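Okay, hi everyone, thanks for making time for this. I'd like to walk you through one structure today, so have a look at the screen while I bring it up.

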Amino acid sequence: MQNRRSALGRVLTTAACTALVLATGSALAADHYPSKPIRLVVPYPAGGGTDIIARLMGTQLSQRWGQPVIVDNKPGASGMMGNDLVAKAPADGYTVLLGITALVQIPALYKKVPYQLSDLAPVSQAAKSADLVFVPRSAGITSLQQFVAKAKAQPGKLNYGSYGNATSSHLHGEQLKLKAGIDMVHVPYQGSGPEMAAMLGGQLESAFIDAAAAYPHIKSDKVSILAVTGSQRHPALPDVPTMAEAGYSGFEANGWFGYFVPASTPQPIVDKLGNELAAIVRMPEISKRLLDMGLIPVGSTPAEFKPLLARDAAHWKSIVDAAKISMD
(Lines give C-alpha, C1' and ligand atoms only; values in the text may rest on other atoms or scores of the structure.)
Protein backbone atom coordinates (compact mmCIF):
# COMPACT_ATOMS: atom_id res chain seq x y z
CA MET A 1 0.00 0.00 0.00
CA GLN A 2 2.86 2.35 0.90
CA ASN A 3 4.51 1.64 -2.47
CA ARG A 4 1.24 2.45 -4.26
CA ARG A 5 0.93 5.75 -2.38
CA SER A 6 4.53 6.62 -3.20
CA ALA A 7 4.00 5.78 -6.88
CA LEU A 8 0.80 7.84 -6.98
CA GLY A 9 2.58 10.71 -5.31
CA ARG A 10 5.37 10.60 -7.90
CA VAL A 11 2.80 10.59 -10.75
CA LEU A 12 0.94 13.57 -9.31
CA THR A 13 4.17 15.44 -8.68
CA THR A 14 5.33 14.76 -12.23
CA ALA A 15 1.99 15.92 -13.64
CA ALA A 16 2.10 19.09 -11.57
CA CYS A 17 5.64 19.83 -12.68
CA THR A 18 4.72 19.23 -16.31
CA ALA A 19 1.74 21.58 -16.06
CA LEU A 20 3.94 24.21 -14.44
CA VAL A 21 6.56 23.88 -17.19
CA LEU A 22 3.90 24.18 -19.90
CA ALA A 23 2.31 27.21 -18.26
CA THR A 24 5.69 28.85 -17.80
CA GLY A 25 6.61 28.07 -21.40
CA SER A 26 3.37 29.61 -22.68
CA ALA A 27 3.89 32.74 -20.62
CA LEU A 28 7.47 33.08 -21.87
CA ALA A 29 6.28 32.58 -25.46
CA ALA A 30 3.75 35.38 -25.00
CA ASP A 31 6.48 37.65 -23.57
CA HIS A 32 8.45 37.27 -26.82
CA TYR A 33 5.40 37.44 -29.09
CA PRO A 34 5.47 38.70 -31.75
CA SER A 35 9.05 38.31 -32.90
CA LYS A 36 8.33 37.95 -36.63
CA PRO A 37 5.71 39.03 -39.21
CA ILE A 38 2.06 38.12 -38.64
CA ARG A 39 -0.03 36.73 -41.50
CA LEU A 40 -3.60 38.07 -41.41
CA VAL A 41 -5.79 35.87 -43.59
CA VAL A 42 -8.91 37.36 -45.15
CA PRO A 43 -11.11 34.62 -46.69
CA TYR A 44 -12.66 37.06 -49.19
CA PRO A 45 -11.42 39.14 -52.16
CA ALA A 46 -9.49 42.38 -51.80
CA GLY A 47 -11.51 45.59 -51.71
CA GLY A 48 -14.49 44.34 -49.66
CA GLY A 49 -15.45 45.35 -46.14
CA THR A 50 -13.54 42.50 -44.49
CA ASP A 51 -10.41 43.38 -46.44
CA ILE A 52 -10.70 47.09 -45.55
CA ILE A 53 -11.02 46.30 -41.84
CA ALA A 54 -8.07 43.87 -42.01
CA ARG A 55 -5.80 46.50 -43.56
CA LEU A 56 -7.01 49.24 -41.23
CA MET A 57 -6.43 47.17 -38.10
CA GLY A 58 -3.32 45.47 -39.48
CA THR A 59 -1.59 48.79 -40.05
CA GLN A 60 -2.23 49.84 -36.46
CA LEU A 61 -1.13 46.48 -35.06
CA SER A 62 2.09 46.67 -37.05
CA GLN A 63 2.82 50.16 -35.75
CA ARG A 64 2.13 49.21 -32.14
CA TRP A 65 4.14 45.98 -32.18
CA GLY A 66 6.90 46.88 -34.63
CA GLN A 67 6.32 43.79 -36.76
CA PRO A 68 4.85 43.60 -40.27
CA VAL A 69 1.23 42.45 -40.52
CA ILE A 70 0.74 40.95 -43.97
CA VAL A 71 -2.87 40.80 -45.20
CA ASP A 72 -3.32 37.64 -47.28
CA ASN A 73 -6.58 37.36 -49.26
CA LYS A 74 -7.62 33.72 -49.69
CA PRO A 75 -11.13 33.76 -51.20
CA GLY A 76 -12.99 30.65 -52.26
CA ALA A 77 -15.71 28.20 -51.26
CA SER A 78 -17.78 30.83 -49.39
CA GLY A 79 -14.82 31.65 -47.17
CA MET A 80 -14.04 28.04 -46.30
CA MET A 81 -10.66 28.10 -48.08
CA GLY A 82 -9.25 30.84 -45.88
CA ASN A 83 -10.94 29.54 -42.74
CA ASP A 84 -9.44 26.09 -43.31
CA LEU A 85 -5.98 27.51 -43.95
CA VAL A 86 -5.93 29.15 -40.51
CA ALA A 87 -7.57 26.19 -38.77
CA LYS A 88 -4.67 23.99 -39.94
CA ALA A 89 -1.86 26.53 -39.47
CA PRO A 90 0.79 26.28 -36.74
CA ALA A 91 -0.74 27.32 -33.40
CA ASP A 92 1.81 30.02 -32.61
CA GLY A 93 -0.17 33.25 -33.09
CA TYR A 94 1.50 34.14 -36.39
CA THR A 95 -1.42 33.11 -38.61
CA VAL A 96 -4.61 35.03 -37.79
CA LEU A 97 -8.04 34.92 -39.44
CA LEU A 98 -10.41 37.84 -39.84
CA GLY A 99 -13.72 36.01 -40.17
CA ILE A 100 -17.33 37.09 -40.47
CA THR A 101 -20.71 35.73 -39.40
CA ALA A 102 -20.60 33.16 -42.22
CA LEU A 103 -18.04 31.24 -40.16
CA VAL A 104 -20.76 30.02 -37.78
CA GLN A 105 -23.41 29.72 -40.50
CA ILE A 106 -21.44 27.45 -42.84
CA PRO A 107 -21.67 24.26 -40.71
CA ALA A 108 -25.48 24.42 -40.88
CA LEU A 109 -25.52 25.06 -44.63
CA TYR A 110 -22.94 22.61 -45.96
CA LYS A 111 -22.59 18.92 -45.24
CA LYS A 112 -18.89 18.85 -46.07
CA VAL A 113 -16.81 21.45 -44.24
CA PRO A 114 -13.03 20.78 -44.12
CA TYR A 115 -12.67 22.03 -40.54
CA GLN A 116 -14.62 22.25 -37.30
CA LEU A 117 -15.51 25.47 -35.50
CA SER A 118 -13.62 24.02 -32.55
CA ASP A 119 -10.44 24.14 -34.69
CA LEU A 120 -10.42 27.91 -34.27
CA ALA A 121 -10.05 29.95 -31.08
CA PRO A 122 -11.85 33.31 -30.84
CA VAL A 123 -9.58 36.29 -30.20
CA SER A 124 -11.67 39.46 -30.49
CA GLN A 125 -14.86 40.74 -32.09
CA ALA A 126 -13.82 43.88 -33.96
CA ALA A 127 -17.18 45.24 -35.05
CA LYS A 128 -20.78 44.29 -35.68
CA SER A 129 -23.17 45.12 -38.45
CA ALA A 130 -26.87 44.82 -39.18
CA ASP A 131 -29.19 44.27 -42.12
CA LEU A 132 -31.63 47.01 -43.04
CA VAL A 133 -35.07 46.28 -44.53
CA PHE A 134 -35.51 48.40 -47.64
CA VAL A 135 -38.56 49.07 -49.81
CA PRO A 136 -38.98 51.55 -52.69
CA ARG A 137 -40.17 54.97 -51.53
CA SER A 138 -42.63 54.90 -54.42
CA ALA A 139 -44.48 51.96 -52.80
CA GLY A 140 -45.79 54.32 -50.13
CA ILE A 141 -45.06 51.80 -47.36
CA THR A 142 -43.91 53.30 -44.07
CA SER A 143 -43.81 50.30 -41.71
CA LEU A 144 -42.87 46.66 -41.72
CA GLN A 145 -46.42 45.74 -40.73
CA GLN A 146 -47.74 47.49 -43.84
CA PHE A 147 -45.29 45.59 -46.03
CA VAL A 148 -46.25 42.26 -44.45
CA ALA A 149 -49.94 43.06 -45.04
CA LYS A 150 -49.18 43.73 -48.70
CA ALA A 151 -47.21 40.48 -49.01
CA LYS A 152 -50.06 38.52 -47.45
CA ALA A 153 -52.49 40.06 -49.93
CA GLN A 154 -50.25 39.04 -52.84
CA PRO A 155 -48.77 35.61 -51.97
CA GLY A 156 -45.82 34.68 -54.16
CA LYS A 157 -45.95 37.99 -56.05
CA LEU A 158 -43.46 40.14 -54.13
CA ASN A 159 -39.72 39.57 -54.02
CA TYR A 160 -36.92 40.26 -51.58
CA GLY A 161 -33.29 40.75 -52.49
CA SER A 162 -30.26 39.40 -50.67
CA TYR A 163 -26.53 39.87 -51.11
CA GLY A 164 -26.14 36.19 -51.94
CA ASN A 165 -27.41 32.68 -51.37
CA ALA A 166 -26.87 31.44 -47.79
CA THR A 167 -25.84 34.90 -46.55
CA SER A 168 -27.33 36.57 -43.48
CA SER A 169 -29.66 38.59 -45.70
CA HIS A 170 -30.98 35.41 -47.33
CA LEU A 171 -31.54 33.83 -43.93
CA HIS A 172 -33.22 36.98 -42.63
CA GLY A 173 -35.59 36.98 -45.60
CA GLU A 174 -36.55 33.36 -45.03
CA GLN A 175 -36.90 34.04 -41.31
CA LEU A 176 -39.34 36.88 -41.99
CA LYS A 177 -41.35 34.61 -44.30
CA LEU A 178 -41.63 32.04 -41.53
CA LYS A 179 -42.36 34.56 -38.77
CA ALA A 180 -44.94 36.57 -40.71
CA GLY A 181 -46.46 33.69 -42.67
CA ILE A 182 -45.82 35.27 -46.05
CA ASP A 183 -44.61 33.95 -49.40
CA MET A 184 -41.97 35.97 -51.28
CA VAL A 185 -39.54 35.20 -54.11
CA HIS A 186 -35.86 35.28 -53.19
CA VAL A 187 -33.60 37.23 -55.59
CA PRO A 188 -29.92 36.72 -54.71
CA TYR A 189 -27.17 39.08 -55.90
CA GLN A 190 -23.40 38.74 -56.02
CA GLY A 191 -22.77 41.06 -53.11
CA SER A 192 -24.35 44.04 -51.40
CA GLY A 193 -23.22 46.53 -54.03
CA PRO A 194 -25.25 45.02 -56.91
CA GLU A 195 -28.15 44.42 -54.52
CA MET A 196 -28.19 48.06 -53.43
CA ALA A 197 -28.03 49.18 -57.07
CA ALA A 198 -31.03 46.99 -57.89
CA MET A 199 -32.94 48.44 -54.95
CA LEU A 200 -32.21 52.01 -56.05
CA GLY A 201 -33.11 51.08 -59.62
CA GLY A 202 -36.57 49.90 -58.62
CA GLN A 203 -35.94 46.24 -59.48
CA LEU A 204 -36.86 44.94 -56.02
CA GLU A 205 -39.98 45.17 -53.87
CA SER A 206 -37.92 44.69 -50.72
CA ALA A 207 -34.42 43.79 -49.62
CA PHE A 208 -32.26 42.97 -46.63
CA ILE A 209 -29.06 44.95 -47.20
CA ASP A 210 -26.14 45.20 -44.77
CA ALA A 211 -25.69 48.59 -43.17
CA ALA A 212 -22.10 49.01 -44.38
CA ALA A 213 -23.09 48.78 -48.06
CA ALA A 214 -26.30 50.74 -47.54
CA TYR A 215 -24.70 53.52 -45.48
CA PRO A 216 -24.03 55.94 -48.38
CA HIS A 217 -27.66 55.60 -49.50
CA ILE A 218 -29.64 55.76 -46.27
CA LYS A 219 -30.79 59.32 -47.03
CA SER A 220 -31.80 58.52 -50.62
CA ASP A 221 -35.28 59.68 -51.63
CA LYS A 222 -35.68 56.50 -53.68
CA VAL A 223 -35.93 54.11 -50.73
CA SER A 224 -37.49 53.74 -47.29
CA ILE A 225 -35.93 51.80 -44.42
CA LEU A 226 -38.53 49.93 -42.38
CA ALA A 227 -36.47 48.13 -39.74
CA VAL A 228 -33.02 47.04 -38.68
CA THR A 229 -31.83 43.66 -37.42
CA GLY A 230 -29.96 43.39 -34.13
CA SER A 231 -30.87 44.01 -30.53
CA GLN A 232 -30.47 47.80 -30.71
CA ARG A 233 -31.24 50.57 -33.15
CA HIS A 234 -28.40 51.47 -35.47
CA PRO A 235 -26.54 54.62 -34.33
CA ALA A 236 -26.82 56.12 -37.82
CA LEU A 237 -30.58 55.45 -37.91
CA PRO A 238 -31.96 56.33 -34.47
CA ASP A 239 -35.52 56.69 -35.82
CA VAL A 240 -35.62 53.26 -37.51
CA PRO A 241 -37.06 50.52 -35.26
CA THR A 242 -35.46 47.16 -34.66
CA MET A 243 -37.24 44.13 -36.10
CA ALA A 244 -38.52 43.37 -32.60
CA GLU A 245 -39.89 46.88 -32.21
CA ALA A 246 -41.51 46.51 -35.63
CA GLY A 247 -43.34 43.41 -34.41
CA TYR A 248 -41.02 40.49 -35.22
CA SER A 249 -38.66 39.12 -32.58
CA GLY A 250 -35.83 36.68 -33.21
CA PHE A 251 -33.70 38.96 -35.40
CA GLU A 252 -31.43 40.08 -32.59
CA ALA A 253 -28.23 38.40 -33.82
CA ASN A 254 -25.88 40.90 -35.46
CA GLY A 255 -23.48 40.31 -38.26
CA TRP A 256 -19.88 40.63 -37.07
CA PHE A 257 -16.20 40.76 -37.97
CA GLY A 258 -13.89 38.86 -35.64
CA TYR A 259 -10.37 37.52 -35.23
CA PHE A 260 -9.43 33.86 -34.75
CA VAL A 261 -6.30 31.74 -34.38
CA PRO A 262 -5.76 27.96 -34.44
CA ALA A 263 -7.44 26.36 -31.42
CA SER A 264 -4.32 25.13 -29.64
CA THR A 265 -2.59 28.51 -29.65
CA PRO A 266 -1.29 29.19 -26.10
CA GLN A 267 -3.85 31.21 -24.16
CA PRO A 268 -1.36 33.91 -23.10
CA ILE A 269 -0.72 34.63 -26.79
CA VAL A 270 -4.46 34.64 -27.57
CA ASP A 271 -5.06 37.07 -24.70
CA LYS A 272 -2.18 39.33 -25.69
CA LEU A 273 -3.39 39.54 -29.29
CA GLY A 274 -7.01 40.01 -28.21
CA ASN A 275 -6.17 42.81 -25.81
CA GLU A 276 -4.14 44.62 -28.46
CA LEU A 277 -6.86 44.33 -31.12
CA ALA A 278 -9.50 45.52 -28.65
CA ALA A 279 -7.33 48.53 -27.76
CA ILE A 280 -6.98 49.41 -31.43
CA VAL A 281 -10.77 49.37 -31.92
CA ARG A 282 -11.11 51.76 -28.97
CA MET A 283 -8.78 54.29 -30.61
CA PRO A 284 -11.00 57.30 -31.50
CA GLU A 285 -9.81 57.44 -35.11
CA ILE A 286 -10.44 53.72 -35.63
CA SER A 287 -13.86 53.78 -33.97
CA LYS A 288 -14.82 56.73 -36.16
CA ARG A 289 -13.62 54.96 -39.28
CA LEU A 290 -15.71 51.89 -38.44
CA LEU A 291 -18.76 54.06 -37.72
CA ASP A 292 -18.22 55.86 -41.03
CA MET A 293 -18.37 52.43 -42.69
CA GLY A 294 -21.80 51.86 -41.17
CA LEU A 295 -20.42 49.45 -38.56
CA ILE A 296 -20.61 49.42 -34.75
CA PRO A 297 -17.19 49.15 -33.02
CA VAL A 298 -16.90 46.40 -30.39
CA GLY A 299 -13.38 45.36 -29.40
CA SER A 300 -14.14 42.35 -27.18
CA THR A 301 -11.91 39.98 -25.22
CA PRO A 302 -11.62 36.28 -26.14
CA ALA A 303 -13.81 35.39 -23.13
CA GLU A 304 -16.52 37.80 -24.28
CA PHE A 305 -16.42 36.66 -27.91
CA LYS A 306 -16.63 32.91 -27.27
CA PRO A 307 -20.21 32.64 -25.91
CA LEU A 308 -21.47 34.89 -28.72
CA LEU A 309 -20.23 32.36 -31.26
CA ALA A 310 -22.08 29.50 -29.57
CA ARG A 311 -25.32 31.49 -29.42
CA ASP A 312 -25.06 32.62 -33.03
CA ALA A 313 -24.26 29.14 -34.34
CA ALA A 314 -27.41 27.75 -32.67
CA HIS A 315 -29.50 30.71 -33.85
CA TRP A 316 -28.54 30.44 -37.52
CA LYS A 317 -28.87 26.65 -37.53
CA SER A 318 -32.44 26.95 -36.28
CA ILE A 319 -33.31 29.23 -39.22
CA VAL A 320 -31.54 27.02 -41.76
CA ASP A 321 -33.34 23.93 -40.46
CA ALA A 322 -36.76 25.62 -40.33
CA ALA A 323 -36.42 27.08 -43.85
CA LYS A 324 -34.85 23.85 -45.18
CA ILE A 325 -31.91 25.67 -46.77
CA SER A 326 -28.99 23.60 -48.05
CA MET A 327 -26.02 24.55 -50.21
CA ASP A 328 -24.98 20.97 -51.04
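Let's begin with a single residue, L85, which sits in helix α3, residues 80-87. One thing before I go on: this is a predicted model. So, is L85 buried, exposed or partly exposed? Its relative accessibility is 25%, so L85 counts as partly exposed. To be buried, a residue has to come in under 20%. If we skip residues up to four places away in sequence, L85 touches R39, V41, K74 and T95. And here's a distance for you: from the C-alpha atom of L85 to that of E205 is 40 Å, with those positions 120 residues apart along the chain.

Now a second residue, K177, over in helix α6. You might like to put it beside L85. K177 has 17% relative accessibility, so this lysine counts as buried. What is K177 in contact with, leaving aside neighbours within four places in sequence? The partners are Y160, I182, D183 and M184.

Okay, zooming out to the whole chain. There are 328 residues, and 51% of them count as buried. You can count eleven helices and eleven strands. The C-alpha trace spans about 85 × 50 × 35 Å along its principal axes. If you take the contacts with a separation of 6 or more, 77% are between residues 24 or more positions apart. As for the surface, the chain exposes about 14900 Å², and 56% of that comes from carbon and sulfur atoms.

Next up, helix α7, residues 192-200. Which of its residues are buried? They are S192, E195, M196, A198 and M199. Those five cover an arc of only 160° around the axis, and that is why they end up on the same side of α7. What does that buried set pack against? Three of its partners come from strands you can find at 131-136, 159-162 and 207-210, namely β5, β6 and β8, and the list also includes helix α8 (211-214) and strand β9 (223-228). Right after α7 you reach G202, which takes a positive phi of about 75°.

We'll meet S192 again in the pockets. The largest pocket holds about 1200 Å³ of space. Its lining has 49 residues, and the ones nearest the centre are Y44, I100, Y163, T167 and S192. Several elements each supply at least two lining residues, among them α2 (49-65), α4 (102-109), α6, α7 and β10 (255-262). So α6, where K177 is found, and α7 both contribute to this lining. Sorted by class, you get 25 nonpolar, 20 polar and four charged residues.

And the second largest pocket? What is its volume? About 220 Å³. Its lining includes L103, V104, L117, F260, K306 and A313. Here α4, β4 (120-129) and α11 (302-323) each give at least two residues, with α11 supplying the largest share, four residues. By class, this lining has ten nonpolar, one polar and one charged residues. Helix α4 is worth finding on screen, since you've now heard it for the largest pocket and for the second largest pocket.

That's my tour. Happy to go back to any part of it.

Conventions: Residues are numbered from 1 along each chain as its sequence is written. This is a predicted model: local features need pLDDT of at least 70, side-chain atom pairs count only at pLDDT 80 or more; totals for chains, interfaces and linings use all residues. Side-chain values use heavy atoms; hydrogens and water are left out. Buried means under 20% relative accessible area, exposed over 50%, partly exposed in between (1.4 Å probe, protein chains only). The arc is that of the directions from the helix axis to the C-beta atoms. Contact means heavy atoms within 4.5 Å. On a 1 Å grid over the protein atoms alone, a cavity is a set of points where a 1.4 Å probe fits but cannot get out, and a pocket is an open set with protein on both sides within 12 Å along at least five of seven lines; lining residues have an atom within 4 Å of a point. Grid points are joined across faces, edges and corners, and a volume is the space filled by probe spheres set on the points. Ala, Val, Leu, Ile, Met, Phe, Trp, Tyr, Cys and Pro count as nonpolar, Asp, Glu, Lys and Arg as charged, and the others, Gly among them, as polar. Accessible areas come from the Shrake-Rupley method with a 1.4 Å probe; for residues, only the protein chains shown count as cover.
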